[in-house]
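I opened the notebook to look up aromatic pairs, salt bridges and charged patches. The entries follow in the order of the lookups.

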Amino acid sequence: MCSRSKEQLQHLLCLRVFCLQTQDKITVHFSPEAGSQRGARGSPACGAARGLCCSAMGEFKVHRVRFFDYMPSAIRALAFQPQRERIAVARTDGTVEIFNRADCFFQEKVIPGRQQAATEALAWVGDRLFSAGLNGEIIEYDLDNNKTKYTIDAYGGPIWSITSNKQGTHLAVGCEDGTVKLFEVHEDRIQFERNLAKQKGRIISLSWHPSSSKIVAGMMDVIHIFDTETGQSVQRLLVDRGIGISRSQECVVWSVVYLSDGTIISGDSAGKVKMWDSCTGTLIKSHQVTKWDVLTLSISQDETSLAVGTSEGHVVQFQFLSMVLGQEDKEWVRTRTFKNHTHDVRAVLEVNTAIVSGGMDTQFVVRPLLDKIDERGQASALRYIQFPHRRLVSCARKAGLLLFQYPGHLELWRLGESEGNGMFGSVLTVKRKPEKLLHLKIKGEEHICCSAVSPCGGWIAYSTVASFRLYRLHCENNNVSIIKVSKLPKVLSSANQICFSSDSSHLFVASTCSSVHVAILNQSGCKFVCTLKPKSGSGQAINLLAASEDGKWLASANSDHEVQVYNLNKMKPHCTVPVHSSGVSAMAIHPTTNNLFMVHADQQLTEYSVEKKQYTDWSRQVQRHGLHSLWLERDTPVTNVTFNPKNPAHIVLHDMYMFCIIDQTLPLPDQRSQFYNQLTLRSMPEKERKKHSHAFKMCKIFKELLFVELMEDQSLVVVERPLMDITAQLPAPIRQKKFAT
């Protein structure tokens, strides 16, 4: 965090708007303190962003909130499932995330971690995901319900690596006690089969030969090749230590890869990438990649490209190329170096047309390989994924409260108040500073997977994988009291998503198999009403819930891209929205029309009439006309949708780098349209301004956004988490020698 106190980090801005006579547009100006536009990273710039445009929106205040100290955990491991194009990401706090490469790298699932359960390695076996860590346990995950399925102790001490054979019949784990343990994969569980010959020292890295007949293991100063039938070491490769002082230190073989032609590639703490002949046990070639450690290797599916991650934050690509044109003899050649990280790159993958990497700087980076991409588009965009594709902030719109979700606790804050009004762009004097009302620490080791505060601010609910908690909150002046609701219905054992009705009288809890439990809230507590189940019978977890303002409708979306709408008056399914090819990243039901507005991971917008059970005319117009390329090429998904009650035609939504107001009364932009700053528009002649009038009005003056919401008093809450604040909390990177130092 910066040196200013948290109380000073919430700015109250008065945004007064005025109409340009020719366009009936408003232009909102901010003072220089309000923020700066996004730098060079990320999505293509949609015009200079020093203002916000919308139609007849009036005057409103902006609460700039920077006291949510969200801190992502470092990335420890990556694993790719090529058939369904899913990427699993393991973080140091035990959290596992699933990204869909085919769906714009959308984060489909999040499996919460738990304390002291850091994951060291991941492995896919078909559609099943396994992990192993220094606690000595192997975990299989229930990917339908986003939780651990079961755990098995390997009885070999801390586990450093886990890998599966190409046939998907066995798992191998490398343990602290020097054993490589084989597990047979059965339909419902895995079963220990045998130990390979025990060695002196820990097994750091493993790789199967594609035929499954051999396994290569990286250790300290040595590489062993095991025959999986006999269990014996058939080859021992000695690894040279570094030069100078480092010769007195053991050389750690951090990563190994076993190719189908018998070549073994290793990466070690001496900074070298080495190619070995497994038949003769001889070194073919050695490349000095860095002065520091080579931490991870990844081979492409066709075995012609190798990605290397280093401790200085670089990703290096090697390619298997012919050195002489027309000759078949090939060798591994260093071709590219990517410098997209500031700290250790602990995991790397080569995924079809891109190299994916992650490490200590917490960033999930997708670097496109432009020589494998035919045309410019989303696939050619450099992506930095820092924030989760789900909401960590819940808002009590009527009470002016914000609930922040951390892995192990919740914080409830009351927004500050300003004195009077001011000129547009001015910073208003705060007469009441923002106040932290509650710090609710959870019991046990499990992390929080979802939470919510009711619109009236009187209820707080959260869930871990193992338990569900509901609290009654009383706030009177400076006195805050919280009472745990002790007697909960038995069906409320855990939740994937939590939602309150607009009048705070009902609680909706997303459970297993896409079902939703409905409960009534009153002074006496919580009473179960019924369970809503989809007609499709999907077993996938729900990742979004949205309730209508009039309390009649409830919409749910799951990771199968299914969107169900329920009639809460009749407590039964009403309709199923046609399945879109891309997952829903944000949705909300309009307070006056009851239209369900959805934003998808591929940036497409759809609006569905719940009452008529069909897409609206505006949605059909969007599909016919198409959206602007600058909108579609954005690299972060929209994570929240809200509406302006005073102007039903306005839809407010945001992603990590901008928030946008869509005016449904204005025409859609065509491909020749520009997303101009409104100050620039105002300086244009009247006829020129009319040419650039369209529905999308973007604002990119704020720092990185976690949450944007319109409160009941028409003020706008903007929760920022500048990346520089996250970077400031990271450990220092390795020292890199600079010229003349």
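Which residues do ring pairs link into a cluster? I found Phe67, Phe68, Tyr70, Phe387, Phe404, Tyr406 and Trp413 joined in this way. I note at the start that the model is predicted.

**Entry: aromatic pairs**

I looked up the count of aromatic pairs and got 14. One of them joins phenylalanine 183 to phenylalanine 192, with the ring centres 5.6 Å apart and 70° between the planes. I logged this pair as edge-to-face, because planes over 60 degrees apart count as such. I then checked the cover of each partner. Phenylalanine 183 is buried, because its relative accessibility is 2%. Phenylalanine 192 has a relative accessible area of 40%, so I put it down as partly exposed.

**Entry: salt bridges**

Next I searched the whole structure for salt bridges, and the search returned 15. I wrote out three of them and one network.

I took arginine 76 and glutamate 120 to begin with; their closest N and O atoms are 2.7 Å apart. Arginine 76 sits in strand S6, residues 75–81, while glutamate 120 sits in strand S10, residues 119–125. The two residues are 44 apart along the chain, and the bridge links these distant parts. Are arginine 76 and glutamate 120 buried or exposed? I found both of them buried.

I went on to arginine 202 and glutamate 176, whose side chains meet in a salt bridge with an N to O distance of 2.9 Å. This pair lies in loops: arginine 202 in the one between strand S17 (190–195) and strand S18 (205–208), glutamate 176 in the one between strand S15 (170–175) and strand S16 (180–185). The separation in sequence is 26 residues. Arginine 202 counts as partly exposed because its relative accessibility is 27%. For glutamate 176 I have 27% relative accessibility, so this residue is also entered as partly exposed.

I then looked up arginine 432 and glutamate 417, which form a salt bridge at 3.3 Å, N to O. Arginine 432 belongs to strand S39 (residues 430–432) and glutamate 417 to strand S37 (residues 417–418), so the bridge ties together parts 15 residues apart in sequence. The relative accessible area of arginine 432 is 29%, which makes this residue partly exposed. I recorded glutamate 417 as partly exposed too, because its relative accessible area is 34%.

Which residues are joined into one network by salt bridges that share partners? I found Arg64, Arg66 and Glu720.

**Entry: charged patches**

I turned to the surface. A positive patch is made up of Lys535, Lys570, Lys572 and Lys613. Where is lysine 535 placed? I located it in the loop between strand S48 (525–532) and strand S49 (542–547). Lysine 535 counts as exposed because its relative accessibility is 66%.

I also found a patch of negative charge on the surface, where Asp503, Glu549, Asp550, Glu611, Glu712 and Asp713 gather. Aspartate 550 lies in the loop between S49 and strand S50 (553–558). I entered aspartate 550 as partly exposed, because its relative accessibility is 47%. Strand S49 thus appears in both loop descriptions: the loop of lysine 535 lies between S48 and S49, and the loop of aspartate 550 lies between S49 and S50.

How values were computed:
Residues are numbered from 1 along each chain as its sequence is written. This is a predicted model: local features need pLDDT of at least 70, side-chain atom pairs count only at pLDDT 80 or more; totals for chains, interfaces and linings use all residues. Side-chain values use heavy atoms; hydrogens and water are left out. Patches are made of residues with over 30% relative accessible area and no salt bridge: like charges are joined within 9 Å, nonpolar side chains (Val, Leu, Ile, Met, Phe, Trp, Tyr) within 5 Å. Accessible areas come from the Shrake-Rupley method with a 1.4 Å probe; for residues, only the protein chains shown count as cover. A salt bridge is a side-chain nitrogen of Lys or Arg within 4 Å of a carboxyl oxygen of Asp or Glu. Lys and Arg count as positive and Asp and Glu as negative; His and the chain ends are not counted. The place of a charge is taken as NZ of Lys, CZ of Arg, CG of Asp or CD of Glu. Helices (H or I, at least four residues) and strands (E, at least two) are DSSP runs, numbered from the N terminus. Buried means under 20% relative accessible area, exposed over 50%, partly exposed in between (1.4 Å probe, protein chains only). Rings of Phe, Tyr and Trp (its six-membered ring) pair if their centres lie within 6.5 Å; planes under 30 degrees apart count as stacked, over 60 as edge-to-face and the rest as tilted.
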